[in-house]
Amino acid sequence: MIRTGVYPGTFDPITLGHMDIIRRGAKLVDRLVIGVTTNPSKSPMFSVEERMEMVRREIGGIEGEIAVVSFDSLLMDFAEREGASVIVRGLRAVADFEYEYQMAGMNQQLNGRIETVFLMADVSLQPIASRLVKEIALYGGAIGKFVSPAVAREVAERVERLGRKGS
């Protein structure tokens, strides 16, 4: 039986922290589905289609069976549709843990057949958050330490189109 894992997120934009979790998560399952979602509480810089394309490009060299799929539903419904037995989540700090712990508990109530697995981000990548990357870029800061060169270019182009803050 193939063990499928789902790694959900907005990936707006995909960061080096996300890539760390994807590389490591792909080793834990036979098939990893990266679920790119819309989050009503976040205002995305990139459309779902743009984010999916960005993720597909960035994961190009990672070994293993990896799919990139969009979803706009409850995570557990999406995981069930994908045949997942595992949800992969990355943790950066204690604040993440509290939120993720609560979500894992709720998800277990919704579907006890699917386990949530937490992976600690590499220490050097722990402070990285897409929200902060966008904020730094909007104020003209350098984001090259947090994302790949291709993603940095895409973010810079989008910021240019949106009109940088503070200028």
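I started by counting elements, and the protein chain has six helices and five strands. This is a predicted model, so I kept that in mind throughout.

**Entry: order of elements**
I read along from the N terminus and wrote down β-α-β-α-β-α-β-α-β-α-α. Next I looked up the radius of gyration: it is 16 Å, close to the 15 Å that the globule rule gives for 167 residues, so the chain is as compact as a globular protein of that length. I also noted the span of the C-alpha trace along its principal axes, about 55 × 30 × 30 Å.

**Entry: inside and outside**
What share of the 167 residues is buried? I found 47%. For contacts with a separation of 6 or more, I saw that 78% come from residues 24 or more positions apart. On the outside, the chain exposes about 9,400 Å², and carbon and sulfur atoms supply 53% of that. I checked charges too: there are 21 positive and 22 negative ones, and their mean positions are 4 Å apart.

**Entry: the cores**
Which residues have the most contacts inside the largest nonpolar core? I noted Ile22, Ile34 and Ile59, in a core of 35 residues. Several elements each supply at least two residues of this core, among them α1 (16-26), β2 (31-37), α2 (48-58) and β3 (65-71). Further along the chain, β4 (86-91), α5 (130-138) and α6 (149-162) do so as well. I then picked out Ile59: leaving aside residues up to four places away in sequence, Ile59 touches Met19, Ile22, Ile34, Ile66 and Val68. There is also a second, separate core of 10 residues, including Phe71, Phe78, Ala79 and Ile87. As background, I wrote down that nonpolar side chains tend to be buried together in soluble globular proteins.

**Entry: the loop after β1**
I went to the loop between β1 and α1, where Phe11 is found. Is Phe11 buried or exposed? Phe11 counts as buried, because its relative accessibility is 1% and the cut-off is under 20%. Its phi is near 50°, a positive value in a residue other than glycine. Pro13 lies in this loop as well, and a cis peptide bond joins Asp12 and Pro13, with omega about 0°. My side note: most residues other than glycine have a negative phi, and most peptide bonds are trans.

**Entry: Arg23**
I finished in helix α1, where Arg23 lies. Arg23 is partly exposed, since its relative accessible area of 43% falls between 20% and 50%. I also looked up its distance to Thr10: the two are 13 residues apart in sequence and 17 Å apart in space, C-alpha to C-alpha.

Terms used: Residues numbered from 1 in each chain as written. Predicted model: local features only at pLDDT ≥ 70, side-chain atom pairs only at ≥ 80, totals over all residues. Heavy atoms only, no water. Helix = DSSP H or I, 4+ residues; strand = E, 2+ residues; numbered from the N terminus. Rg over C-alpha atoms; globule rule 2.2 N^0.38 Å. Buried < 20%, exposed > 50% of the residue type's maximum accessible area, 1.4 Å probe, protein only. Contact = heavy atoms within 4.5 Å. Areas by Shrake-Rupley, 256 points an atom, 1.4 Å probe, with all protein chains shown as cover. Lys, Arg positive; Asp, Glu negative; His and termini not counted. Charge placed at Lys NZ, Arg CZ, Asp CG, Glu CD. Core = buried A, V, L, I, M, F, W, Y, C linked by side-chain atoms within 4.5 Å.
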